[in-house]
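Please open the model in a viewer and keep the sequence at hand. The tour below proposes a series of selections and describes what is found at each.

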Amino acid sequence: MLFRLTGKLQTTLELPQLIEIFFKDIQDTVLVDGISYRCRKLNTVVSQGKTCAHSVSYDLKTHGEGIGELVFFRSSRFREYELANIEGLLSTLLYPLRNALRYREALDASFRDPLTGVGNRVALDRTMDREVELCHRHDQDVSLLMIDLDHFKRINDSYGHSMGDAVLKQAVDEIMKCIRQTDLCFRYGGEEFLVLLTNAAHDDAMMVAERIRRSISAIQVQVMETAERVKVTASVGVASLQPSDSRASLINRADLALYTAKGAGRNQVIGDQELDQAETAVR
């Protein structure tokens, strides 16, 4: 049975499928009502079956490397021989699980900007299409912030690219502090970032944008081996989804709002509704 289970677990690198195979196949040896796997490093939880009153948990390791926690659930208490069977079965899961985690890490890395850790353009394209479609289908609000660090080239020219990198990282840290876990941040260009705010109407998005602008303006990165500190500000354009919007039109309106903010003196927030009102006034 161990030989057969080992073979099955080696047929996939997809974490949900791996946990499902393990859960179903161990039933021949020990009755389990549900299992739940958690990997804090990847912020991932995968469950099969149901949770019950009685449980036993195991911290999984390979060569001293922690690879997560697996919890077994049952409506009745586990007996000693059943726990021994479970521990024997776990030996078949460790290396397939480690390989699945490494695959997931590599896959995640392909969608992340290596410097700042936020999503890259590939991740942005995939996510935006999906979110715009879902919001149209369910008539939900979504808003987009386009953030540009003002005069960023001066920092690179004056202090070098290593200082520029430090400022970018600090700016992303400030952005992430100002948004919810359900919101998404992407690096759009060199010093440009996009933030997708789910379930956020225009007024809410404007408040978040202003909070981000203030947080970035408070950044002071110390120049190495000196008392000098580099400061930075940001301009932000805000666009909220309209019934006729595609991904491209939503981004274009956020870009136009950002362009207007920069033209008006930088270090400020401009929303697409303000642009619409200005256009109406001109007409």
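Begin with the lining of the largest pocket in this predicted model. Its residues divide into ten nonpolar, seven polar and nine charged. The space within this pocket comes to about 970 Å³. To find its centre, select Asp108, Arg112, Gly117, Gly119 and Leu184, which are the closest to that point among the 26 lining residues. Next, colour α3 (80-109), α4 (121-138), α6 (161-178) and β6 (184-187), the elements that each give two or more residues to the lining. Which element gives the most to this lining? It is α4, with four residues.

**Helix α5**

Move now to residues 152-159, which form helix α5, and display the side chains of Phe152, Ile155 and Asn156; these three are buried. Turn the view until it runs down the axis of α5: the buried residues fall within an arc of 95°, and they therefore line one face of the helix. On the other side of α5, select Lys153, Arg154, Asp157 and Ser158, which are exposed. What covers the buried residues of α5? The cover includes β5 (142-149), α6 and β9 (229-231). Before leaving this region, select Gly160, just after α5, where phi is positive at about 100°.

**Helix α7**

Select residues 202-217 to bring up helix α7, which has 16 residues. From its first C-alpha to its last, α7 reaches 22 Å, close to the 22 Å expected at 1.5 Å a residue. Then highlight the buried residues of α7, namely His202, Ala205, Met206, Val208, Ala209, Ile212, Arg213, Ser215 and Ile216.

**Two loop residues with positive phi**

The last two stops concern the backbone. Select His63 in the loop between β3 (54-62) and β4 (65-74). Although His63 is not a glycine, its phi is positive, at about 55°. Is the residue His63 buried or exposed? His63 is exposed, with a relative accessible area of 72%, where the cut-off for exposed is over 50%.

Finish at Asn267, which is found in the loop between α8 (247-263) and β11 (269-271). Asn267 is likewise a residue other than glycine with a positive phi, near 55°. With a relative accessible area of 29%, Asn267 is partly exposed, a class that lies between the limits of under 20% for buried and over 50% for exposed.

Conventions: Residues are numbered from 1 along each chain as its sequence is written. This is a predicted model: local features need pLDDT of at least 70, side-chain atom pairs count only at pLDDT 80 or more; totals for chains, interfaces and linings use all residues. Side-chain values use heavy atoms; hydrogens and water are left out. On a 1 Å grid over the protein atoms alone, a cavity is a set of points where a 1.4 Å probe fits but cannot get out, and a pocket is an open set with protein on both sides within 12 Å along at least five of seven lines; lining residues have an atom within 4 Å of a point. Grid points are joined across faces, edges and corners, and a volume is the space filled by probe spheres set on the points. Ala, Val, Leu, Ile, Met, Phe, Trp, Tyr, Cys and Pro count as nonpolar, Asp, Glu, Lys and Arg as charged, and the others, Gly among them, as polar. Buried means under 20% relative accessible area, exposed over 50%, partly exposed in between (1.4 Å probe, protein chains only). The arc is that of the directions from the helix axis to the C-beta atoms. Contact means heavy atoms within 4.5 Å. The expected span of a helix is 1.5 Å times one less than its number of residues.
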